[in-house]
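Here is a walk through one small set of coordinates, heading by heading. Keep the viewer open and follow along.

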Amino acid sequence: MIMSEYLLFLQGFLKDPKRVGNILPSSQLLANKIIQSVQWHNVNAVAELGAGTGAITRLMTSQLTNSTKVLLFERNKKMREHLKAIYPEYIFHSNAS
């Protein structure tokens, strides 16, 4: 993860701590644990709520097939736009409701 992603996450937290629930993105260890717990060969669609700067998205992407539908939800506009630039093939929403 690059330093600008940490700063983007921290900025989001400082601006609206009720919506960004942490000062740092998920750790590599946590992201790996989450990714390892899924049987990816059975996944046709995935929704990630609170994608942040993409700590989990980054690892998840390498496990997906080209036909897997991905929906990423992120309320913070700057973080969402950051992810859109990296993953233009995914579908983005600001709110899961």
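## First, a yardstick

A residue is called buried here when its relative accessible area is under 20%, exposed when that value is over 50%, and partly exposed in between. Take F92, which sits in strand β3: its relative accessible area is 15%, so F92 counts as buried. Across space, the C-alpha of F92 is 9.9 Å from the C-alpha of E48, a residue 44 positions away along the chain.

One caveat before going on: this is a predicted model.

## The overall layout

The protein chain carries 4 helices and 3 strands. Read from the N terminus, the elements go α-α-β-α-β-α-β. Of the chain's 97 residues, 35% count as buried.

## The sheet

Now for the strands. The 3 of them make an open sheet, ordered β1-β2-β3, with parallel pairing. Strands β1 (45-49) and β3 (91-93) are at the edges and have a single partner strand each, which means that one side of each has no neighbour in the sheet. From one strand to the next, the twist averages 15 degrees. As for what holds such an arrangement together, strands of a sheet pair through backbone hydrogen bonds, in either a parallel or an antiparallel way.

How many bridges link β1 and β2? These two strands pair in the parallel sense over 5 bridges, and A45 stands opposite K69 of β2. On its other pairing, β2 (residues 69-73) runs parallel to β3 over 3 bridges, with H93 in β3 as the bridge partner of F73.

Strand β1 also has two faces worth colouring separately. V46 and E48 make up the covered face, while A45, A47 and L49 are on the uncovered one.

## Loops on either side of β1

Just ahead of β1, V43 lies in the loop that comes after α2 (28-36). Is V43 buried or exposed? Its relative accessibility is 17%, so V43 counts as buried, the cut-off being under 20%. V43 and K69 are 26 residues apart in sequence, and their C-alpha atoms are 9.0 Å apart in space. K69 is also the residue that A45 stands opposite.

On the other side of β1, G52 is found in the loop that leads to α3 (55-61). G52 is buried, with a relative accessible area of 4%. Its C-alpha is separated by 7.3 Å from that of R80, although the two residues are 28 apart along the chain.

## A spot on helix α1

S4 is part of helix α1. Its relative accessible area of 43% falls between the 20% and 50% cut-offs, so S4 is partly exposed. The C-alpha atoms of S4 and T53 are separated by 9.7 Å, with their positions 49 residues apart along the chain.

## The second largest pocket

The second largest pocket has a volume of about 190 Å³. Its lining consists of 10 residues, and G12, K15, D16, N76 and K77 are the ones nearest its centre. Both α1 (3-15) and α4 supply at least two lining residues each, and α1 gives the most, with 3 residues.

What is the make-up of that lining? The residues divide into 6 charged, 3 polar and 1 nonpolar.

## The salt bridge on α4

Side chains of opposite charge can pair when their charged atoms come close. The structure holds 1 salt bridge. K84 forms it with E81, and the closest N and O atoms are 3.7 Å apart. That is why the pair qualifies: the cut-off is within 4 Å.

Where do the two residues lie? Both K84 and E81 are in helix α4 (residues 77-86), 3 residues apart, or about one turn of the helix. K84 is partly exposed, at a relative accessible area of 34%, and E81 is partly exposed too, at 37%.

How values were computed
Residues are numbered from 1 along each chain as its sequence is written. This is a predicted model: local features need pLDDT of at least 70, side-chain atom pairs count only at pLDDT 80 or more; totals for chains, interfaces and linings use all residues. Side-chain values use heavy atoms; hydrogens and water are left out. A salt bridge is a side-chain nitrogen of Lys or Arg within 4 Å of a carboxyl oxygen of Asp or Glu. Buried means under 20% relative accessible area, exposed over 50%, partly exposed in between (1.4 Å probe, protein chains only). On a 1 Å grid over the protein atoms alone, a cavity is a set of points where a 1.4 Å probe fits but cannot get out, and a pocket is an open set with protein on both sides within 12 Å along at least five of seven lines; lining residues have an atom within 4 Å of a point. Grid points are joined across faces, edges and corners, and a volume is the space filled by probe spheres set on the points. Ala, Val, Leu, Ile, Met, Phe, Trp, Tyr, Cys and Pro count as nonpolar, Asp, Glu, Lys and Arg as charged, and the others, Gly among them, as polar. Two strands pair if DSSP finds at least two bridges between them. Axes are lines fitted to C-alpha atoms, for helices over the stretch in contact, and angles run from 0 to 180 degrees between N-to-C directions.
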